Every structure is written in C-alpha cells, then in structure tokens.
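Here's a quick briefing to go with the model you're about to open. Have a look at the sequence and the fold before reading on.

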Amino acid sequence: MRRSWIFRAFVLATLSALVWFQASALAHAAEHGFDDHEHHGIPCQLDALAHEDHLILPDPPVFDLPVAIRIEQATPVAMTSDCVPPPGRAPPARAPPLD
C-alpha cells in the first residue's frame, strides 16, 4: 500500500518543524545564555522556563531497601513419605528385539 504524497508531505513538515524549533531554541540559548533578558520590553519566556525557582518540583521519592526475609515452611509429614524411593531394585532394562 502506497502512502499518498499529502501524508508524506505532512510527516516531512512535522519532523522539519520539530528540528527547526529545537535548533532555534538552542541558537537563542547560545546567543543570550542564562542571563535575564527582554524582547521589546517583554521578559523572554524561554528564559523564564529555564529557571528552577519558577517551578514547584516535588521532593524526590525515598525508597527503603527491601530486607531479605527467609520464610521457613513446615513440610507436612504426609509428603515426606511420598518422596521415599521404593524398596528393592528396579526391573532389568529392556532392549529392542533381536532378529
């Protein structure tokens, strides 16, 4: 099944837009650095999003390490007698008939 040219153009435009936005954000960060700055009297939104004091972050979770617990299991008496091998020898081994 062939994809239409409209679908391929849409995918190409979407991927190109993602690359363009990332490249422009990196160029903006390289130009202005982490200093506070304004564009036409308005504080830069990219700069405001980069500061950690503008964000409310939760405390990282603290996990207790699991403690190895050994659980002793009692073996019922009825099961121990089931595992005893039968008395005596096993029957002789069988071989294929000789012709």
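In which element is confidence lowest, and in which is it highest? This is a predicted model, and helix 3 (residues 77-82) sits at the bottom with a mean pLDDT of 56, while helix 1 comes out on top at 90. Across the whole protein the average pLDDT is 75, and 64% of the residues score at least 70.

**Overall layout**

- The protein has three helices and two strands, and reading from the N terminus the order is α-β-β-α-α.
- There are 99 residues in the protein, and 4% of them count as buried.
- The accessible surface adds up to about 10,600 Å², and carbon and sulfur atoms account for 66% of that surface.

**Helix 1 and what comes right after**

- Helix 1 covers residues 5-32, and it is also the element with the highest confidence.
- Its length checks out: 28 residues at 1.5 Å a residue should span 40 Å, and the end C-alpha atoms of helix 1 are 40 Å apart, so the two values agree.
- Gly33 follows helix 1 and has a positive phi, near 70°.

**A nonpolar patch on the surface**

- Phe7, Phe10, Val11, Leu15 and Leu18 make up a nonpolar surface patch, and together they offer about 490 Å² of accessible area.
- Phe10, one of the patch residues, is found in helix 1.
- With a relative accessible area of 57%, Phe10 is over the 50% cut-off and therefore counts as exposed.

**Three histidines in contact**

- His28 belongs to helix 1, whereas His37 is in the loop between helix 1 and strand 1.
- Strand 1 takes in residues 38-39, and the side chain of His39 has a polar contact with that of His28 at 3.1 Å.
- His37 links up with both of these partners through its side chain: the polar contact with the side chain of His28 is 3.2 Å, and the one with the side chain of His39 is 3.3 Å.
- Are His28 and His37 buried or exposed? His28 has 17% relative accessibility, which is under the 20% cut-off, so His28 counts as buried. His37 is at 14%, so His37 counts as buried too.

**The loop between the strands**

- His40 is in the loop between strand 1 (38-39) and strand 2 (42-43).
- Most residues other than glycine have a negative phi.
- His40 goes the other way, with a positive phi of about 55° although it is not a glycine.
- At 84% relative accessibility, His40 is over the 50% cut-off and so counts as exposed.

Technical notes
Residues are numbered from 1 along each chain as its sequence is written. This is a predicted model: local features need pLDDT of at least 70, side-chain atom pairs count only at pLDDT 80 or more; totals for chains, interfaces and linings use all residues. Side-chain values use heavy atoms; hydrogens and water are left out. Helices (H or I, at least four residues) and strands (E, at least two) are DSSP runs, numbered from the N terminus. Buried means under 20% relative accessible area, exposed over 50%, partly exposed in between (1.4 Å probe, protein chains only). Accessible areas come from the Shrake-Rupley method with a 1.4 Å probe; for residues, only the protein chains shown count as cover. Patches are made of residues with over 30% relative accessible area and no salt bridge: like charges are joined within 9 Å, nonpolar side chains (Val, Leu, Ile, Met, Phe, Trp, Tyr) within 5 Å. A salt bridge is a side-chain nitrogen of Lys or Arg within 4 Å of a carboxyl oxygen of Asp or Glu. pLDDT is the predictor's confidence in each residue, from 0 to 100. A polar contact is a pair of N or O atoms within 3.5 Å; within protein, one must be able to donate a hydrogen and the other to accept it, and residues adjacent in sequence count only if both atoms are side-chain atoms. The expected span of a helix is 1.5 Å times one less than its number of residues.
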